[in-house]
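Reader: Put the model up, please, and then let me fire some questions at you.

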Amino acid sequence: MSKEKIALCEDLADVMPPEYQELVATATFGNEDRSWKDIGSSKELIEQHSLCAGCPESIAFRFIMSSIPNPEDSVFVGSTGCTSLVFPQVGIHNIHSLFGNQNAVASGLQRALAVRFPDRVKDVFVLAGDGATVDIGLDMTMQSWFRQEKFTTICFDNELYANTGGQESGLMQKGFVAKMAPVGKKFEKVKLPEIAFEAGCHYVAILTVSKPNRVEQAIRRATYVAREFGPTYIQLYTPCILEIGKQSMEGLDEMKDSESIGGRFVMRELMTDEVKAFIKEKEAEDKARRKKAKAVTA
């Protein structure tokens, strides 16, 4: 969706609902420097959502949507789960796939877009929970990395199957007891970031969504690297506050605790030296462009 496609016809503008007029007026599409700071002033970045009150996944969605550099030419591919409840409310093209095969769908989509629009940059993002990414969908996830498909996979890691009652998942912590896993998990949390890097992902990041600057940096780096090199992977800790016995206001504290020194979600990035040099050059270009634009408007 581009801003041109949502622009109001002058002859009919006065009869359009005020909510739509506000959406068009505050849209960030086409703005190279859009960021998480636009949340709150741009109606397109999920004014409301259908997730539970205080759900960290709703925070993650807002940060992701505000961070992707090319929203008008981006497509989200989702899977069954809490994630799919948000898709009808996002102002970005999206596809709902069957549970677990989201990376297979994204592979075909990315290739088709490259053929159909050879002169335009089209970004594809997979957004799915840990059950779809790591357990039932692991085969499709891994195969897309092996094939070097050029899109970003984002896993909302809540460490269990949340929307079906709290079953054990591969990313659950060892020993954690859930409603549908009463004896506790018997093996360690699967180290998917390391597996992703070994499987061919050129950029990997693991973090919580407690700090928007970090999420934005990871999303942008993953997007640029996917365009140039191949698959990228981001694992975001978005705890299910209902299934771990937290109140609606305690999700942020849970994420901060998990990223403290020695925590399992201390932010880390994995990349090759070649990718590291590419990111450094790209971010220097962006910084110079913003500095030049600021000087012109001053």
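**Pockets, strands and rings**

Reader: Which residues lie nearest the centre of the largest pocket?
Author: This is a predicted model, where local features need pLDDT of at least 70 and side-chain atom pairs pLDDT 80 or more, while totals for chains, interfaces and linings use all residues. Numbering runs from 1 along each chain as its sequence is written, and side-chain values use heavy atoms, without hydrogens or water. A pocket is an open set of points on a 1 Å grid over the protein atoms alone, with protein on both sides within 12 Å along at least five of seven lines, and lining residues have an atom within 4 Å of a point. Of the 23 that line the largest pocket, the ones nearest its centre are Glu-216, Arg-220, Tyr-224, Asp-286 and Arg-290.

Reader: Which helices each supply at least two residues of that lining?
Author: Helices here are DSSP runs of H or I, at least four residues, and strands are runs of E, at least two, numbered from the N terminus. The largest pocket, about 590 Å³ (space filled by probe spheres on points joined across faces, edges and corners), is the one in question. The two helices are H9 (212-228) and H11 (273-297).

Reader: How big is the largest cavity?
Author: A cavity is a set of points where a 1.4 Å probe fits but cannot get out. There are two of 30 Å³ or more. Gly-81, Cys-82, Gly-129, Asn-158 and Asn-163 lie nearest the centre of the largest cavity, among 19 lining residues. Its volume is about 180 Å³.

Reader: What are the edge strands of the open sheet?
Author: Strands pair when DSSP finds at least two bridges between them. The sheet has seven, ordered S2-S1-S3-S4-S6-S5-S7, with mixed pairing. Two of them pair on one side only: S2 (93-96) and S7 (268-271).

Reader: Which residue in S6 stands opposite Thr-153?
Author: S4 (152-157) and S6 (232-237) run parallel, paired over six bridges. Opposite Thr-153 in S6 is Tyr-233.

Reader: Which residues do ring pairs link into a cluster?
Author: Rings of Phe, Tyr and Trp (its six-membered ring) pair if their centres lie within 6.5 Å. The structure has eight aromatic pairs. The clustered residues are Phe-61, Phe-76, Phe-87, Phe-125 and Phe-156.

Reader: How far is the charged end of Lys-122 from the ring centre of Phe-117?
Author: A charge sits over a ring if NZ of Lys or CZ of Arg is within 6 Å of the ring centre and within 35 degrees of the ring normal. Lys-185 lies over Phe-187 at 4.1 Å. For Lys-122 over Phe-117, the distance is 4.3 Å.

Notes
Phe/Tyr/Trp six-rings, centres within 6.5 Å; stacked < 30°, edge-to-face > 60°.
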